[in-house]
Amino acid sequence: MAKPLITLTVNGERRELAVESHWTLAEVLREQLGLTGVKIGCDLGDCGACTVLIDGKAILSCLTLAVTVEGSEIQTIEGVADKGVLHPLQKSFLHHGATQCGFCTSGMILTSKAMLDTQENPAEEKIREHLSGNLCRCTGYKKIFEAVQGVHVERDESTSSPIKVDGVGQVTGAAQYTDDLSLPRMLYGKILRSPHAHARIISIETSKAERLAGVFAVMTGNDLPVKYGVLPASQDETALCVDKVRFVGDGVAAVAAVDEFTAQQALELIDVRYEVLRPVFAMDDALRVDTPKIHEETKYDNNVAKHVELEFGNVEEGFAEADYVREDEFYYGASTHAMLEPHSALASFEPSKNSDSYKNGYLTLRSSTQTPHYVHRTLAKILDMPAGHIRVIKPYLGGGFGGKSEPFALEFCAAWLSIRTGRPVKITYTREEVFYSHRGRHATKMWLKTGVKDDGTITAVQYKALLDGGAYGSYGVVTSYYTGQFLTMPYKVPRYKFESTRVYTNKPPAGPKRGHGAVQPRFAFEAQLDRIAADLSIDSAEIRLRNLVMPNSLTVNSLRITSCGIKECIEKVLRASGWYEKRGKLPRGRGIGLAASAYISGAGKEINWLGLPHSGAIVKIDRGGGVTVFCGSSDIGQGSNTVLASITARTLGIDIGDVRVVEADTDLTPVDLGSYSSRVTFMAGNAVLRAAEDLKRKLLDVTADHFEVKSHELSATSGNILVSDNSERRLSFIEAARMAEAKFGTLSSVGWYAPPKLGGTYKGAGAGPSPSYSFTAHVIELEVDEETGIVKINKVWSAHDCGKALNKTLVEGQIEGCVYMGLGEALSEELTFTRGRGAAGGLLKSSSLLDYKLPTTLDTPPIEVFVVESIDPEGPLGAKECGEGPLLSVPPAVANAIYDAIGVRLSSVPFTPHKILSALDEKVRSKENGMRNSTMFVEVPAK
Amino acid sequence: MIRLPPFEVIAPSSLKELSVTLGDTNGDAKVLAGGTDLIVNIKQGVSVPKRVIWLGKVNELRRITFLPEEGLRIGAMCSLAEIASSPEVLTWYHSVSDVMLTIASPAVRNRATLGGNLCLDTRCYYYDQSEFWRAAVGGCLKLNTPVCANSDTCHAAPGWKKCSAISCSDTAPLLIALGASVRIIGSQNDNTLPLSQFYVADGIHHLNLRRDEVLAEVILPRPHPHQRSAHRKIRSRQAIDFPLASVGISLVLEADFLCRDARIIIGAIHTAPVEALAAETVLRGKELTDKNIELAAEESTSTVKPIPNAGETVGYRKRMVGLLVQRTLRELRSDHAQQ
C-alpha cells in the first residue's frame, strides 16, 4: 500500500510528504524532516518536550498522528528564529539563564510563544498555568518564568554576553543530543528485559528473531560476559545477564535491526526460559540468612552488599556527658533522577585494516554519559580492546543528576552490535527503561541518637542506616560511607559513631543521585535537631547557630573544612524570611522551617585510586586570538563549559565569547573523571586555571620585554596586556599572543588538578574527604490543608556558600534546581512497587512521568536565592560546589515547617497527603508526642 | 521512540460518511478523536487496532450552539480548550468551562476532545503500563478479555471476577449532574440517551456504546435560573495528573437556601461515575445547612468503595470523596449567598 501523501507547512515551508498512517508527527518531524529540536522525553504525553505549534497552538507531537494534521501550519523550534536572527523569546531565555540541559527548552519556548502570541505581558500565574504541562527537571522553572516575563524588556545587547557558551544551540534546536544523531547505514538496537525479579536463565533461543527480515544481529549475556562495575570494589554487573536476572527490567538479550519497530518485534521472538527464584524485596528480608542470595559471590551469607562501622571518639562518654539524649527513627523513600533526556548511545565500529579480529579495530561511542572516562575504560575492559582504539564522545546531554554517571547496558550493547554488524547502531531507552536503569536515591531506614547539653551543644551522635541497594553495586560502597561520613557537618559533633549496611534486593539498582548518600541522613539529623530544640525550648535557629563548624577546622572524622560560610547562609535566610516574626507565630496550618547542610566539592580520592590527576586540560591560543579549552569534563546542562570558559577568559583578560570549549571527547580532551560528586568547577576549573595561567605568564613575559617592565607590573584585562599604572602602554591580546608564539613556539599549555592529601588514616578514611565543602541553609514557609493532607509550599529562601560565583546566574540556577528536586523528593516523588511475592510482585509501579510525580510549574513555589561567597583558598578563583549541596536541607526544612504548621513530626519521606492525615489522626488519638518504641529498625546482624 | 504498529486511518468527512464507515468497518475499527488517550493506549499495546476512524474531518462534530429552547449542544470533536473559551459555554455553564481547564495540561487540552474525555478508557495501575510490564505482572482481567476469558487475575483486588478499572473522566461527573444527554450515531442509528446511562459498571466494557457507534454530541438542557454547579477534584499535582477522587455537583438553590434539587456525581473511584443518591436525598427539599452538608458528605463517603488500583491509599481516596462533597456544597452555598 502506497503511503498517503500529505501536505504540511513546516516552519513556513510547504512540504509534500509520504507518511505512513501510523506515524506520529514527532516521528515525521524528527526523522523525515530532521527537525530534531522536537524532543522525546516520555513519548506518552506526560512531559511536554515534544511540543510543537499547530496553527499557532501548542500540541504534543508524540500523541498526534501526522496524517491528522494534513494541511496545517506547523512550527518547531527550528522555525522560531528568523533567518539567523534570534526571536526575542530565545534571547530572553539566554539572557535569563532559562536553559540548563536544554532538553525541555524547545517545548518551553514554543508553549510560551503560543501564549505570548495571544496575550501581552502575562502575569506569572498565567505563565505557570500555561506551562503546566511542560516539565523541566533542571531549573525549578524560576528563570523560565523570568525569561517569559522579561521578553519585551529592553536590554543593552552589546554588553549582555550569553549566560551559557553553548546556550544558542539549545534555544534554536541546533543542539544535537545523542538520540538526535544518525549515521549512514545506522541500525537501531533494543534490549529484551526480564519479566522476573529473580530467576535463573535456563536458555535463550534467538534463532527466530535472527531470521526476522530486517534483523542484523542478536546478542545475549554470553557475548560479553566480563563483569564490571563503576567501583573496583563492586564488579557485579554484566552488559546483559549471563546466569541470573535480578530485577524486573534487567537486560537479557539485545537486537540490532533496520528500524526500531522491527527491533521491537524481534524481541518478542526471543524465547527465554527461566527458573524462577524466590525474590527478595524488603530490606529486612535481605538481612535474613534464609532468603536466597542475589549475588552468590559475596562474602556475607545474607544479602548484605556492604557493611561499614566507624567510631570517632567514645560516643558512650558523650551520651553520659549529655543533659538530654534523643533517639528517633526515620525512613527516606527511593527517588530517581528523571532527567528529561532518556539514555542514548550510538556506536560505530571501523574494522582493522590488517587483522580480522575486532579487537584491532576502532570503536567510537557517542553516549549520553556524565562520565565518558569511566565508560571509556569499562568498554576497553568488557570488549577486551585497547583503550586507545576506543573513542567516547558525549554530545549535548539532557540532564543527569547522577543517573548517567556510570557505564550502562546500552553502551556495551550498541558497541557490540556495531562490531558484529559492521554498521553504526543506536540504542535509546524508552522512559520506562530509564526508570529501570535507575541508580537513584537509596531508600534508607535510619536510627539516630543525639546527646546535647542543656544549651543545645551537641556532645555525641550515633547513627545507623540500612540502605536498599537494589540489584547491583553501582556506587553503593561509596553511598555506604557517605551516608555516615557527612553527619559531622555543618554542626560540631565531638564524638561520632555510625554503622551502615547496604543490602541487595531484587529491584532496580540504586546509586548516586544529586546529594549522593548525604540527603537521607541530613533529613534525619535536621528533623531530630528540630525536635531536640523543641524539647529543650530552644529556638530552632538558635540551636543550629550554637553548634556550627568553623572555618579552617577539622571534624572528628578528619574532614578538613577550609572556607565556610554557613553562619552567613543561616543568617541570610533567617533575615529574609522574617524567621523570628514567624516561627511559632503563624496561624494554624501555616508554618516555617529551617535546615542547613554541607556538601563536597568533588571526592578527594579517585575511584580507582591510581594516584593520577582527577582533571586535565589543554588551553591553546590561536594566531587569530581565539582561545580553545580542551577538557574531558562533561557539560550535562549545569554549565561547566561556561565555567571553564569563564575561568580562561578571566585569567587571560579576554571576552568569554572568544573562548571555545571542546569537552568530553576521549580522543581530543585530557581525562576528567566526569560530572559527578560536584567536582567539575573545583577540579576541572583548577586544571584549566593552571593551564591558562601558564599561557598568561608567557604573554606577560613578552609584554614585559616589550615595555621593559617586570611581569608583575602588568595585567591582562579587556583583551589587552597593559602596564598597570599606565593604560597607554599596552599590547592587544592578539599582539601579545603573536609575540609569545614567536618567542616560545606554538601556544598551548596543559594544566591538571589532583587534590592534596586529605582525610584520616583509618580504614574508610578515603570516603568523605574533599578539598572543599559547600554550605547551605534553607527556610521554607508552607501551608498544610489539614483536611486533604496536601502541603502547599509558599516560599523558599535559600542561601548557599559556593566560594565564589564564577557565573551568578548559573549558580542561582543550580540552587533553584536543587530546591525543586528536593521539594519533589519531600512531597511527591517516590518509586513504588507492586506487592506480593509471586509474578506480580516487585514491579515498579511508577515507571512513567505520569505516575512518578515531578512537580509541575503549578506545584513549584517562588524561590529566593542568596549566593554567599566565602572565597575558597584552593578553589579556582575561590569557587566551590553549588550543584548538589543545596538539595540536602530541603526535605528537613519542609518537615520542620510542617511541624510548625500543624504540630506533627513526620519521620518518613515523602510527606504524602495520607501520611500527613495519618499523623494528624495519630496525634488526635494520643496526645503524647514523645518517643516511640523502636519498631522500624531491624538490628543488623554481625557478619 | 515507541513505534506504533501499522494501522489504516479512515477519515470520513461528514456524519453521513461516518455512518457508512462505521457500517463498513463492522465494529472492527477504533475511533480516534484527539488521540491523547487512544495513542497512549496504542503505544502501551493495550489497543492494537488494524483500522482507525478519525473524526477530525467531520465538521458537524465541531460545533457549539445554544438555543434557548434546546439548550447547549457541544460537538464531540470540540477540543477541551475550545469549549473552555466558548462564549456560549461561559455564558450558560461556567462550571463546564472551569472543568475543562483542570484537565491534564494546556497542550493536551488543545487536542483532547469532549467526546474523547467522555469515552476515556478506564484506568488501573495494572493496566496503564507497557506491554512488557503487563506481561511481567501476568496479564489482568481487563487486558485478557476477550483474548483469553479464563483469566481471573485481578491484581488490584485479588479474587475479583470483575474488572474495576476506574472511570477518570473529569467532564462526566459534572455533565451528568447537569442532566446532560449524548447523541449516539451508528451505522444504523442516531439516537440520544442520558449521559448517566452511557456508563456501565464494568471496567472492561465501560460504555454503553456498540463498536459501530460513536458519541457525536453532548446536549445540556437550559439551566434552571437558580442552578449552581461545580466540579472539584483531588490530584497529586496541579496539572497533568488524573484525579484521585472527583465530584460534579449541581444544585437548584432558592433564595432561602432551600435546595430544590441536588445531583451529586462521584468520579474517579469506580468503573463508572457514581450518583450519590442517598446524599442527594439528604439535600433535596431541605435547607442547605452545615448539618445537612455534613450528612450529605457522609452519605457520599459510604456510597464508594475504592480498591487499590490508583495513587494514594484506598482510605485516603474514600475520605476525599466526602471532603470534596462537603467543600463543594459549601462553596456553592457561599456563591449563592454572595448574590
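Where in chain A does Glu708(A) sit? Glu708(A) is found in the loop that runs between α20 (680-707) and β27 (714-717) of chain A, and we will come back to its backbone below. Please keep in mind that this is a predicted model. Chains A and B share an interface that buries about 5200 Å², and helix α1 of chain A is one of the elements that contribute to it. The tour below starts with that helix and ends with some backbone details.

**Helix α1 of chain A**

- Helix α1 (residues 25-32) of chain A has 6 buried residues out of 8, so the rest of the structure largely encloses it.
- Its buried residues are Leu25(A), Ala26(A), Glu27(A), Val28(A), Leu29(A) and Arg30(A).
- Among the elements that cover these buried residues are five strands of chain A: β1 (5-10), β2 (13-18), β3 (51-54), β4 (57-60) and β5 (73-75).
- After the helix comes Gly34(A), which has a positive phi near 70 degrees.
- Glu27(A), one of the buried residues of α1(A), also reaches across to the other chain: its side chain forms a salt bridge with that of Arg3(B), at 3.0 Å from N to O.

**The interface of chains A and B**

- On the chain A side, 67 residues are in contact with 52 residues of chain B.
- Together the two chains bury about 5200 Å², and 60% of this lies on carbon and sulfur atoms.
- Within chain A, the residues that lose the most area to chain B are His22(A), Leu44(A) and Leu63(A), which together make up 11% of what that side buries.
- The interface holds 9 salt bridges, and 25 residue pairs are in polar contact across it.
- Elements of chain A that give two or more residues to this side are α1, β4, α4 (124-130), β6 (187-193), α8 (260-268), α13 (431-437) and α25 (913-925).
- Sorted by class, the side of chain A that touches chain B consists of 30 nonpolar, 19 polar and 18 charged residues.

**Nonpolar cores**

- In soluble globular proteins, nonpolar side chains tend to be buried together.
- Here the largest nonpolar core has 369 residues, and the members that touch the most others are Val894(A), Ile898(A) and Phe911(A).
- Setting aside residues up to four places away in sequence, Val894(A) touches Ile780(A), Leu782(A), Ile793(A), Leu823(A), Ala826(A), Leu827(A) and Phe911(A).
- There is also a second, separate core of 46 residues, with Ile163(A), Ala649(A), Val709(A) and Leu747(A) among them.

**Two buried residues of chain A**

- Ile647(A) belongs to helix α19 (residues 640-652) of chain A.
- How buried or exposed is Ile647(A)? Its relative accessible area is 0%, so Ile647(A) counts as buried.
- Beyond residues up to four places away in sequence, Ile647(A) touches Gly685(A), Val688(A), Leu689(A), Leu806(A), Pro876(A) and Leu877(A).
- Asn608(A) sits in the loop between β23 (590-600) and β24 (615-621) of chain A.
- With a relative accessibility of 17%, Asn608(A) is also buried, because the cut-off for that label is under 20%.
- Its contacts, leaving aside neighbours within four places in sequence, are Pro232(A), Tyr374(A) and Arg377(A).

**Cis peptide bonds**

- Met489(A) and Pro490(A) are joined by a cis peptide bond with omega of about 0 degrees, and Pro490(A) is in the loop between α14 (476-485) and β20 (496-503) of chain A.
- Val909(A) and Pro910(A) are likewise linked by a cis bond, with omega near 0 degrees.
- Pro910(A) is placed in the loop between β34 (908-909) and α25 of chain A, and α25 is one of the elements on the side that touches chain B.

**Positive phi outside glycine**

- Back to Glu708(A): this residue is not a glycine, yet its phi is positive, about 55 degrees.
- Glu708(A) is exposed, at 72% relative accessible area.
- Ala268(B) is another residue other than glycine with a positive phi, here near 70 degrees.
- Ala268(B) lies in the loop between β11 (259-267) and β12 (274-275) of chain B, and Ala268(B) is buried, with a relative accessible area of 2%.

Definitions and conventions:
Residues are numbered from 1 along each chain as its sequence is written. Chains are lettered from A and ligands numbered from 1 in the order in which they are written. This is a predicted model: local features need pLDDT of at least 70, side-chain atom pairs count only at pLDDT 80 or more; totals for chains, interfaces and linings use all residues. Side-chain values use heavy atoms; hydrogens and water are left out. Buried means under 20% relative accessible area, exposed over 50%, partly exposed in between (1.4 Å probe, protein chains only). Helices (H or I, at least four residues) and strands (E, at least two) are DSSP runs, numbered from the N terminus. Contact means heavy atoms within 4.5 Å. Buried area is the accessible area (1.4 Å probe) that two parts lose on being put together, summed over both. A salt bridge is a side-chain nitrogen of Lys or Arg within 4 Å of a carboxyl oxygen of Asp or Glu. A polar contact is a pair of N or O atoms within 3.5 Å; within protein, one must be able to donate a hydrogen and the other to accept it, and residues adjacent in sequence count only if both atoms are side-chain atoms. Ala, Val, Leu, Ile, Met, Phe, Trp, Tyr, Cys and Pro count as nonpolar, Asp, Glu, Lys and Arg as charged, and the others, Gly among them, as polar. A nonpolar core is a set of buried Ala, Val, Leu, Ile, Met, Phe, Trp, Tyr and Cys residues joined through side-chain atoms within 4.5 Å.
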